Amino acid sequence: MRTILVIGIGAGNPDYLTVQAIRAMNRAEVFFMPDKGEEKSGLNAIRLAMLAQFVEKPQYRLVDFAIPSRRRAETPDYRESVEEWRDKLEIAYRRMFAELPDGGTGAFLVWGDPTLYDGTLRILKDMQSAGWDLAIEVIPGISAPQALAAQHQVTLNRVGEAVTITTGRRVGEGEADALSSAVVMLDNHQAFRRFEDAEIFWGAYLGTADEILVAGRIADVAAEIDEKRRQAQSRNGWIMDTYMIRKPEKS
Ligand SMILES: C[S@@+](CC[C@H](N)C(=O)[O-])C[C@H]1O[C@@H](n2cnc3c(N)ncnc32)[C@H](O)[C@@H]1O
């Protein structure tokens, strides 16, 4: 049996690592490192710095794997394209696990929390169901919505209300129109623009040295967010941002 640690490393700041995550990092013989093209230098540099800082006996090996690109324009069905993409990743996982001896322990350093908008755990569970002899351990991490709320010093829920965490694509399709607040991730098209009167709490590169925060009425700050986003993306080559929208309270 192989042990696979799915370690949430938090959304950017090494101080977000939990004691449980550090202990898990110190057990792994192999770290599986995703190659996401432009993001690689940014995100993997943070992963490597965490290993250098927190692994006491650095005897581990790094095994890189390429993240396949997802068919977008040609595939109208979003779910179908994600499934296809996961299948390709599973093939990469099978190859990587061959590098791990039976009885060995490997680890994924998953950005933020492994249970929020991340496919690693699902692929591993599918492999387990398909007969792979894997012992899976999941270590929670501080997710981008948690980092966002802390940096802006706001609560995610309004009194007595639900918390909705969703994607830019779904907000663009109208999902948040009837909600009084929502946290939005994975948004390349600034879907918040449809709520001019709402307040926004926006954060990019949360927890890192490049962090940018903007808050205010959307009508007042949308142009500032666009400009900061554009500049940061051209400076760094990639961007990760998350925001919360809050509509005015009904009286
Ligand atoms: C594939 S999801 C991964 C989420 C991650 N598992 C988590 O728990 O935060 C990537 C999205 O998370 C958000 N995100 C992750 N890290 C972030 C950060 N440091 N600052 C702002 N947004 C971040 C962005 O919305 C980005 O598009």
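## Strands β2, β3 and β4

Strand β2 is joined to strand β4 (residues 105-110) by 3 bridges, and these two strands run parallel. In this predicted model, the bridge partner of Phe 31 in β4 is Ala 107, while Phe 32 has Phe 108 of β4 as its bridge partner. Strand β2 (residues 30-35) also has 5 of its 6 residues buried, so it is largely enclosed by the rest of the structure.

Strand β2 pairs with strand β3 (residues 61-66) as well, in the parallel sense and over 6 bridges. Within that pairing, Val 30 has Arg 61 of β3 as its bridge partner.

## Strand β4 and its pairing with β1

What happens to the residues of β4 on its two faces? Thr 105, Ala 107 and Leu 109 point one way from the strand, Gly 106, Phe 108 and Val 110 point the other way, and all of them are buried. With 6 of its 6 residues buried, β4 is therefore largely enclosed by the rest of the structure.

Besides β2, to which β4 is joined by 3 bridges, strand β1 (residues 2-8) is joined to β4 by 6 bridges, again with the strands running parallel. Ile 4 stands opposite Gly 106 of β4, and Gly 106 is among the buried residues of that strand.

## The chain as a whole

The protein chain has 7 helices and 10 strands. Its radius of gyration is 19 Å, close to the 18 Å that the globule rule gives for 251 residues, so the chain is as compact as a globular protein of that length. Taken along the principal axes, the box filled by the C-alpha atoms is roughly 60 × 40 × 40 Å.

Buried residues make up 48% of the 251 residues, and the chain exposes about 13,000 Å², of which carbon and sulfur atoms supply 48%. Of the contacts with a separation of 6 or more, 70% are accounted for by residues 24 or more positions apart. As for charge, the chain carries 31 positive and 37 negative side chains, and the centres of the two sets lie 1 Å apart.

## Helix α5 and its cover

In helix α5 (residues 144-152), the residues Ala 144, Pro 145, Ala 147, Leu 148, Ala 149 and His 152 are buried. Which elements cover them? The cover includes the strands β6 (165-167), β7 (181-185), β8 (199-204), β9 (212-217) and β10 (241-246). The helix is followed by Gln 153, whose phi is positive, near 55°.

Ahead of the helix, Gly 141 lies in the loop between β5 (134-139) and α5, where it is buried with a relative accessible area of 9%. Leaving aside neighbours within four places in sequence, Gly 141 is in contact with Gly 8, Gly 10, Gly 112, Asp 113, Pro 114 and Gln 146; the first of these, Gly 8, falls within the range of β1 (residues 2-8), and Gln 146 within that of α5 (residues 144-152).

## Met 185 and its contacts

Met 185 lies in strand β7 and is buried, with a relative accessible area of 11%. Once its neighbours within four places in sequence are set aside, Met 185 is in contact with Leu 116, Tyr 117, Ala 144, Pro 145, Ile 165, Thr 166, Thr 167, Gly 168 and Thr 242. Among these partners, Ala 144 and Pro 145 are buried residues of α5. Asp 77, by contrast, is 108 residues from Met 185 in sequence and 20 Å from it in space, C-alpha to C-alpha.

## Positive phi in two loops

Most residues other than glycine have a negative phi. Tyr 117, a contact of Met 185, has a positive phi of about 45° although it is not a glycine. The place of Tyr 117 is in the loop between β4 and α4 (120-129), and at 41% relative accessibility Tyr 117 counts as partly exposed.

Gln 190 likewise has a positive phi, near 50°, in a residue other than glycine. Is Gln 190 buried or exposed? Found in the loop between β7 and β8, Gln 190 counts as buried at 13% relative accessibility, a value under the 20% cut-off. Gly 141 and Gln 190 are 49 residues apart in sequence, and their C-alpha atoms are 26 Å apart in space.

Conventions. Residues are numbered from 1 along each chain as its sequence is written. This is a predicted model: local features need pLDDT of at least 70, side-chain atom pairs count only at pLDDT 80 or more; totals for chains, interfaces and linings use all residues. Side-chain values use heavy atoms; hydrogens and water are left out. Helices (H or I, at least four residues) and strands (E, at least two) are DSSP runs, numbered from the N terminus. The radius of gyration is taken over C-alpha atoms; the globule rule is 2.2 Å times the number of residues to the power 0.38. Buried means under 20% relative accessible area, exposed over 50%, partly exposed in between (1.4 Å probe, protein chains only). Contact means heavy atoms within 4.5 Å. Accessible areas come from the Shrake-Rupley method with a 1.4 Å probe; for residues, only the protein chains shown count as cover. Lys and Arg count as positive and Asp and Glu as negative; His and the chain ends are not counted. The place of a charge is taken as NZ of Lys, CZ of Arg, CG of Asp or CD of Glu. Two strands pair if DSSP finds at least two bridges between them.
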